[in-house]
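Ready for some practice at reading a protein model? Work through each exercise with the structure open beside you, and try it yourself before you look at the solution.

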Amino acid sequence: MSGRQHRETEIARRIRAKGLAAGRSSAQTADEIYETCNPQFGTTKIKAHRLSYGIALADVIEQVRALFERDEKPVPGIGETLLSAYESGLKRPGPEYLHYLCTVYRVEPGALGYDGPCICGHGHRMPGVVRGELPPADHRASSLSMSMRGDLLIPPNANSMPNEESDEDENILRRTLLQLLANNPKTQLDGPVLGAAEGVRRRMDETLVTATVSPAMLDQWEEATLSFGRQYTSTPPLRLLCDVLLELSAVRNAMTKRQPVDLQERLCRMAAQLSGLSGMIMINLGDHRQARSFFRTGRLAADETGDRALRAWVTAREALVPLYYGDAREALNLAKKSRDLAGQTPCAAQAMAPVVEARALAMLSGSDSKKEVVDQAKRALARARSAFSHMKTQEQHDVAFGYTEKQLYFYQGDVLTKLGQTLEADVVLEQALDKYSDHILDQTLIRLDRAHCRLIDGDPEEALKLGIAALEQLTPEYKTDFIIRPATELERALVKAGHGDRPEMAAYRQQLRSGGDE
């Protein structure tokens, strides 16, 4: 421990001793430690709370782990290094870690230095009391005595209170996220969640259009956005959507305040990335209308940055909406627009746009494609491979905001399948499947493409075997319209080819209709 840290600890120890003698609460002692030590040592509020208890970093970590164990969750990755980063202000806890740190210190996020209510929607001084509700009668007396001591159940923060509409939308998302964390199988993308998503997106639109200046974007928001991108392949879509929308709402709240102009680009970049990621997740959830709306919001934010690569990325991602749910010609036009926006700038969109272009061409022509269409699609794939080789290494490993080699293999195989080039497609799809280990949605789509190849080659038995195996690996939260749609197309293709009465069809249909959204 350095001399500076030792002096900080000694001062905190004396304040804590006086507080205990005077009968003050730990929260009151933490406030005094913060007021005394912050000017001298830069002590943060979250660190002041640990010092008010007189415990070490390791003690807090063990309490957090014990709470995870109590809630029957996997052992968390939080350690002393990460907690120290929180206390130094270098990082901000995610919603789940913040919830458990609030539980340990029995305070609300504002007391630890973080804006907004906790993800659980409850008061941590009295677990189980929903925010805004009165406690039961037998607790009111104790609550009153707390407030008389200045130790409120839910400390108000007048400077950070959002409007009622925004607060309600965020509470809906927090409740949904809490249910998902508790593994509630009944949690789904229902009307209230869709309404909250639309509310967050609409207010972001309004802020982008009406704000005269843009606010600052803190480093932890950028880190959180990159983290959400990494989780895109491994986290159930509805769970991830709640996290992303809560972050987007925090960005929007920050944008309503005057901030230095030189940070405008960072904020708008964040809004574009979070809106684009929300659109991507909405595609996976099967809601193409919301997906289009979020991509539109992403375009508004990206236009404010003047970054051609970012604008091209949003447009290329948006092209997937009509590719999956609408007109392939519209997808083709958006892909060409993305390619034009990217220009000669090495970026993810340079590889992504020609792949979408090839997929749209294949969808328009089908498996009976003429040679010139096949050649045109293959030239687009060649451009994509060339652009991929010139991308930055970081972008080649970013599945959400970049473009990876496994994505390139997967979509190349998808194009060849739709063009009826089954021999080439099967080889490429097998290579793609070997590269996927965590993205269950893309794994399923690859397996369905391989089943289509077998059907085109005249082997319906193997096609059904592959189709059944693909659907068996899906848990209910992944059986969205995004997956059910191509699986249903395989069923129709089998029936059209005269295989609707095969014995295996019953098993395939059972898998297709179990746990889905239909």
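## Exercise 1: a serine and its surroundings

Leaving aside neighbours within four places in sequence, S52 is in contact with R16, S26, T29, A30 and I33, where contact means heavy atoms within 4.5 Å. Before going on, note that this is a predicted model, in which local features need pLDDT of at least 70 and side-chain atom pairs count only at pLDDT 80 or more, while totals for chains, interfaces and linings use all residues. Residues are numbered from 1 along each chain as its sequence is written, and side-chain values use heavy atoms, with hydrogens and water left out.

Task: find which helix holds S52, and decide whether S52 is buried or exposed.

Solution.
- Step 1. S52 sits in helix α3 (residues 45-53). Helices here are DSSP runs (H or I, at least four residues), as strands are (E, at least two), numbered from the N terminus.
- Step 2. Relative accessibility is 4% for S52, so S52 is buried. The cut-offs are under 20% relative accessible area for buried, over 50% for exposed, and partly exposed in between (1.4 Å probe, protein chains only).
- Step 3. Now look at S26 from that contact list: its backbone oxygen lies 3.4 Å from a polar atom of the S52 side chain.

## Exercise 2: how far to trust the model

Task: find where in the protein chain confidence is lowest and where it is highest.

Solution.
- Step 1. Start with the average: pLDDT, the predictor's confidence in each residue from 0 to 100, has a mean of 82 over the protein chain, and 86% of the residues score at least 70.
- Step 2. The lowest confidence is in α7, with a mean of 38, and the highest is in helix α14 (residues 308-318), at 95.
- Step 3. Two stretches stay under 50: residues 126-162, with 45 contacts beyond four places in sequence in the model, and residues 212-217, with 25 such contacts.
- Step 4. Where pLDDT is low, the predicted coordinates should not be read in detail.

## Exercise 3: following one helix

Task: work out how the span of α16 fits the expected value, and which of its residues are buried.

Solution.
- Step 1. Helix α16 (residues 328-342) has 15 residues and spans 21 Å from first C-alpha to last, close to the 21 Å expected at 1.5 Å a residue. That expected span is 1.5 Å times one less than the number of residues.
- Step 2. The buried residues of α16 are A328, A331, L332, L334, A335, S338, L341 and A342.
- Step 3. Spot the spacing with this rule: an α-helix has 3.6 residues a turn, so residues three or four places apart point the same way.
- Step 4. The cover over those buried residues includes α14, α15 (320-325) and α17 (348-365).
- Step 5. Check both ends. At the start of α16, a side-chain oxygen of D327 comes to within 2.9 Å of the backbone nitrogen of R329. After α16 comes G343, with a positive phi near 60°.

## Exercise 4: positive phi without glycine

Task: describe where E72 and R106 lie.

Solution.
- Step 1. Most residues other than glycine have a negative phi, and most peptide bonds are trans.
- Step 2. E72 isn't a glycine, yet its phi is positive, near 60°. E72 lies in the loop between α4 (57-70) and α5 (80-88), and it's exposed, at 72% relative accessibility.
- Step 3. R106 also has a positive phi, about 55°, although it isn't a glycine. You'll find R106 in the loop between α6 (95-105) and α7 (137-148), partly exposed at 35%.

## Exercise 5: inside the protein

Task: which residues touch the most other members of the largest nonpolar core?

Solution.
- Step 1. A nonpolar core is a set of buried Ala, Val, Leu, Ile, Met, Phe, Trp, Tyr and Cys residues joined through side-chain atoms within 4.5 Å.
- Step 2. The largest core has 116 residues, and L277, Y403 and Y508 touch the most other members.
- Step 3. Not counting residues up to four places away, L277 touches F228, G229, Y232, V244, W313, A400 and F401.
- Step 4. Apart from that core lies another, of 22 residues, among them L57, L67, A111 and Y114.
- Step 5. Zoom out: the protein chain has 25 helices and 0 strands, and buried residues make up 52% of its 518 residues.

Methods
Polar contact = N/O pair within 3.5 Å; in protein donor to acceptor, adjacent residues only side chain to side chain.
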